[in-house]
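Dear colleague,

I am passing on the structure below, together with some notes on what turned up when I went through it. Please read them alongside the coordinates and tell me if anything looks unclear.

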Amino acid sequence: MNETLCLKLTRIPRLWRAIIDERLAPLGLTQTRWTTLYHLAHYGEGQPQCDLARAIGVEAPSLVRTLDQLMQQSLIERRPSEQDRRTKLVYLTPTAMPLLKQIETVVQQARREMLEGLDEDMLAQLDSALSTIERNGMRLLCEERDEVSNSSDCLPTP
């Protein structure tokens with residue numbers, strides 16, 4: 001059962017993103033574009049580009065291309081950090097707000113459909129189990145990275 005469970009845990013996020021990707025495609029949004037906008041809307045603007053790349057799980061050069069495209073669409077802007085002028089912080093523009101509402105509607109609908117058939121107790125148990133798996137994974141990642149580099153900054157950003 002554990003093997004089947006692990007396979008499902010890897011398949012479900014891909015399936016979830018694929019559903020949302022298909023539904024957002026008519027808006028001209030790729031997965032990286034909508035996840036970048038969604039992340040900025042939900043986890044806060046003014047993030048350094050490198051932190052944003054880590055948080056959404058892409059390499060920094062890939063994110064730069066995406067940010068360039070989002071800037072061309074007037075959906076985001078980059079501003080220099082007041083603490084470090086070399087660091088660029090990413091902000092949403094007012095132009096992005098109507099699009100973010102559409103993204104949010106699509107994501108909420110997909111969430112309702114994907115979680116259909118699960119009552120509140122089942123969702124609470126699933127959330128608890130996934131949180132435990134996530135903590136275990138983060139602990140393992142820290143231990144492995146610490147063995148390699150003695151780095152204390154090993155946890156990925158949410």
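In what order do the 3 strands of the open sheet lie, and with what pairing? The order is E1-E3-E2 and the pairing is antiparallel, and before going further I should say that this is a predicted model. The edge strands, each of which pairs on one side only, are strand E1, at 47-48, and strand E2, at 76-80.

Helix H4, which covers residues 60-72, packs on this sheet and touches both E2 and E3, and its direction makes an angle of about 115° with that of E2.

Turning to the pairings themselves, E1 is joined by 2 bridges to strand E3, residues 88-92, and these two strands run antiparallel. Within that pairing, Pro48 has Leu89 of E3 as its bridge partner, while Gln47 stands opposite Val90 in E3. On the side of E2, the pairing with E3 is again antiparallel and extends over 5 bridges; here Arg79 has Leu89 as its bridge partner, so that Leu89 in E3 is the partner of Pro48 as well as of Arg79.

The other contact that I looked at involves two helices. The axes of helix H2, residues 31-43, and of H4 come within 10 Å and cross at roughly 80°; because angles of 65 to 115 degrees count as roughly perpendicular, H2 is described as roughly perpendicular to H4. From H2, the residues Thr32, Arg33, Thr36 and Leu37 meet Leu63, Thr66, Leu67, Gln69 and Leu70 of H4, and the residues of this contact divide into 4 nonpolar, 4 polar and 1 charged.

As for the protein as a whole, it has 6 helices and 3 strands, which follow the pattern α-α-β-α-α-β-β-α-α when read along the sequence. The C-alpha trace spans about 50 × 45 × 25 Å along its principal axes, and of the 158 residues in the protein, 24% are buried. Among the contacts with a separation of 6 or more, 51% are between residues 24 or more positions apart. The protein exposes about 10,800 Å², of which carbon and sulfur atoms supply 53%.

With best regards

Note on methods
Residues are numbered from 1 along each chain as its sequence is written. This is a predicted model: local features need pLDDT of at least 70, side-chain atom pairs count only at pLDDT 80 or more; totals for chains, interfaces and linings use all residues. Side-chain values use heavy atoms; hydrogens and water are left out. Two strands pair if DSSP finds at least two bridges between them. Helices (H or I, at least four residues) and strands (E, at least two) are DSSP runs, numbered from the N terminus. Contact means heavy atoms within 4.5 Å. Axes are lines fitted to C-alpha atoms, for helices over the stretch in contact, and angles run from 0 to 180 degrees between N-to-C directions. Angles under 35 degrees count as roughly parallel, over 145 as roughly antiparallel, 65 to 115 as roughly perpendicular and the rest as oblique. Ala, Val, Leu, Ile, Met, Phe, Trp, Tyr, Cys and Pro count as nonpolar, Asp, Glu, Lys and Arg as charged, and the others, Gly among them, as polar. Buried means under 20% relative accessible area, exposed over 50%, partly exposed in between (1.4 Å probe, protein chains only). Accessible areas come from the Shrake-Rupley method with a 1.4 Å probe; for residues, only the protein chains shown count as cover.
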